[in-house]
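Subject: Structure handover and notes

Hello,

Here is the structure we talked about. Please open it and keep it in view while you read the notes below.

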Amino acid sequence: MDTLMAIAQRRSNRKFRPEPVPPEAIQTIVNAGRMAPSAMNQQPWAFVAVTEKMTLERIGDLTDYGEFIAEAGACIAVFCHANKYYLEDGCAAVTIMLLAATDLGIGSCWVAGDKKAYAPAIAELLGAPDGYHLVAMVALGYVDPHDAVHDPDAMPIRRPLADVLHWHRFNATLSPVVTTSV
């Protein structure tokens, strides 16, 4: 699958079949996240891959909107050590991992971590060292065919490109032609 196809097909899946995600697939997804850009190439991330049912259930119980993690085949917790751009760097890694999962035919869902009240409890549960922030969690699994979100014919509603793309400044009527000076 090419990158633009993975971007178009990516969905947030919250219903998974009860089967594990192979360790090789998890490694591939985390390796993709590890290749994400980071400010000054600091690569502040650490990834905790969780496949134990009891731990998945505990994480699901701790979150406010991630209870479906309990039924996922795996969950990758994305931590970053504190630096000026830890949130941006961690979010870049999460985005790349979502696309890698899509490319592998694995459903995924981004679950917030940073600034959530449950973040310290999940960090403690997963043994995160001091100075690391839980940026997000990525639930992974093979999508339940009854999950309407996974319907390949149902495209999510997106704002039209003309509503979100502005050339040179907001609401300008300038042409998109780039000029060069000599």
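The notes below go from the overall layout to single residues.

This is a predicted model, in which local features need pLDDT of at least 70 and side-chain atom pairs count only at pLDDT 80 or more, while totals for chains, interfaces and linings use all residues. Residues are numbered from 1 along each chain as its sequence is written, and side-chain values use heavy atoms, with hydrogens and water left out.

Overall layout

The protein chain has six helices and four strands. Both are DSSP runs, numbered from the N terminus: helices are H or I with at least four residues, and strands are E with at least two. Read from the N terminus, the order of elements is α-α-β-α-β-α-β-α-β-α. Of the 182 residues in the protein chain, 37% are buried. Buried means under 20% relative accessible area, exposed means over 50%, and partly exposed lies in between (1.4 Å probe, protein chains only). A contact means heavy atoms within 4.5 Å. Among the contacts in the protein chain with a separation of 6 or more, 77% are between residues 24 or more positions apart.

One such link across the sequence involves Ala32, which is in helix α2 (residues 23-34). Ala32 and Ala100 are 68 residues apart in sequence, yet their C-alpha atoms are 6.5 Å apart in space. Neighbours within four places in sequence aside, Ala32 is in contact with Ile96 and Ala100.

Strand β2 and its partners

How many residues of strand β2 (residues 74-81) are buried? Seven of the eight are, so the strand is largely enclosed by the rest of the structure. Two strands pair if DSSP finds at least two bridges between them. Strand β1 (residues 45-50) pairs with β2 in the antiparallel sense over six bridges. Strand β4 (residues 132-141) is also antiparallel to β2, and eight bridges join them. Ile76 can be used to see both pairings: it is the bridge partner of Ala49, and it stands opposite Val138 in β4.

Cysteines

The structure holds zero disulfides, a disulfide being a pair of cysteine sulfur atoms within 2.5 Å. Cys80 is in none, and the nearest cysteine sulfur, that of Cys91, is 8.3 Å away. Cys80 is buried because its relative accessibility is 0%. Cys109 is buried as well, with a relative accessible area of 1%.

Charged residues

Side chains of opposite charge can pair when their charged atoms come close. A salt bridge is counted when a side-chain nitrogen of Lys or Arg is within 4 Å of a carboxyl oxygen of Asp or Glu. The count comes to four salt bridges, and three of them are described here, one by one.

- Lys53 and Glu71 meet in a salt bridge at 3.7 Å, N to O. Lys53 is in helix α3 (residues 53-62) and Glu71 in the loop between α3 and β2, 18 residues apart. Lys53 is partly exposed, at 40% relative accessible area.
- Asp64 pairs with Lys116, with the closest N and O atoms 3.0 Å apart. Asp64 is in the loop between α3 and β2, and Lys116 is in the loop between β3 (107-112) and α5 (119-125), 52 residues apart. Asp64 is partly exposed at 38%, and Lys116 is partly exposed at 26%.
- Asp114 and Lys115 form a salt bridge at 2.5 Å, N to O. Asp114 is buried at 14%, whereas Lys115 is exposed at 69%.

Which side chain of opposite charge is nearest to Asp89? It is Lys84, 12 Å away, and Asp89 is buried yet has no salt bridge. Here Lys and Arg count as positive and Asp and Glu as negative, while His and the chain ends are not counted. Asp89 lies in helix α4 (residues 86-103). The side chain of Asp89 reaches the backbone nitrogen of Ala39 at 2.9 Å. Not counting residues up to four places away in sequence, Asp89 touches Pro37, Ser38, Ala39, Pro44, Trp45 and Asn83.

Backbone angles

Met40, in the loop between α2 and β1, has a positive phi of about 55° although it is not a glycine. Met40 is exposed, at 65% relative accessibility. Lys115, in the loop between β3 and α5, is not a glycine either and has a positive phi of about 70°.

Regards

Note on methods
A polar contact is a pair of N or O atoms within 3.5 Å; within protein, one must be able to donate a hydrogen and the other to accept it, and residues adjacent in sequence count only if both atoms are side-chain atoms.
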